[in-house]
Structure formats: C-alpha cells, structure tokens
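Biologist: I've got a protein model open and I'm not sure how to read it. Can you walk me through it?

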Amino acid sequence: MRGGRGGSFAACLSYFVKAYVGPGCLSLPLAFQRAGAGLGSGLLLLLLLLVYRNMVVLVQARRRLEDKLASSGGGAHEVRTYSALAGRIASHTYLVRHGPWGA
C-alpha cells in the first residue's frame, strides 16, 4: 500500500486473476488427478459440448426474438439491455395482456 490509501495496480490485478481465473483453471489439475486422465478428459469434453450447445441456443433465441419483434412492429433495435428484453417479453405474455392489470 502506498501511504495507507490503497493498493497498487499489481495487487489489484492479482486479486482479479485469483478471483476470476483461479477457481476454474487452478482446480483443473486436482480434478484430473482425482478422476484420472481418461475420465477427466471425457468429462471436460462433455462440459465443452454442453457449454457450446447452450451458446448456440442463446444465439438462436436472440435471432428468433429479433424476428418476432420485427414482425410485430417493434424493431429489434429497441432491445439492447436485459431490462428492455424483460420488458418486451413481459409485454407479450398472456397475463400482462389479459390479466386484471393489463389492457
């Protein structure tokens, strides 16, 4: 610390590396040691495929939402944040449109 006012840039960077990179990357050798090379590699490949599939599903969902919003008169350019996306989805739900608080 310099003058008791805060940490250095290197200390801050090391905390970020330990917090975000550390738990995943630094625990991999222990996982391989306990599971073995074959099972560890197989599970890692399985997780890779699951993560890839989830990313594909998210991209497809965004494209479908853009198409739906474009065809319903609302432009897809209006959805830029999560709160805007939640608002657009909520405005299309049955309860909001037909419930006691809906129009």
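**Reading the model step by step**

Modeller: Sure! Let's begin with the overall layout. The chain has five helices and zero strands, and from the N terminus its elements run α-α-α-α-α.

Biologist: How do I read the confidence here?

Modeller: Keep in mind that this is a predicted model, and pLDDT is the predictor's confidence in each residue, from 0 to 100. Here the chain has a mean pLDDT of 76, with 68% of its residues at 70 or more.

Biologist: Where is confidence lowest, and where is it highest?

Modeller: The low point is helix α5 (residues 94–98), with a mean of 58. Helix α2 (residues 28–35) has the highest, at 88.

Biologist: What about the surface?

Modeller: The chain exposes about 8,800 Å², and carbon and sulfur atoms supply 68% of that. As for the inside, buried residues make up 9% of the 103 residues.

Biologist: Which residues make the nonpolar surface patch?

Modeller: That patch is made by F9, L13, F16, V17, Y20 and V21, and it covers about 670 Å². Take V17 as an example: you'll find V17 in helix α1 (residues 9–25).

Biologist: Why does V17 count as partly exposed?

Modeller: Partly exposed is the range between buried, under 20% relative accessible area, and exposed, over 50%. V17 has a relative accessible area of 42%, so V17 is partly exposed.

Notes: Residues are numbered from 1 along each chain as its sequence is written. This is a predicted model: local features need pLDDT of at least 70, side-chain atom pairs count only at pLDDT 80 or more; totals for chains, interfaces and linings use all residues. Side-chain values use heavy atoms; hydrogens and water are left out. Helices (H or I, at least four residues) and strands (E, at least two) are DSSP runs, numbered from the N terminus. Patches are made of residues with over 30% relative accessible area and no salt bridge: like charges are joined within 9 Å, nonpolar side chains (Val, Leu, Ile, Met, Phe, Trp, Tyr) within 5 Å. Accessible areas come from the Shrake-Rupley method with a 1.4 Å probe; for residues, only the protein chains shown count as cover. A salt bridge is a side-chain nitrogen of Lys or Arg within 4 Å of a carboxyl oxygen of Asp or Glu. Buried means under 20% relative accessible area, exposed over 50%, partly exposed in between (1.4 Å probe, protein chains only).
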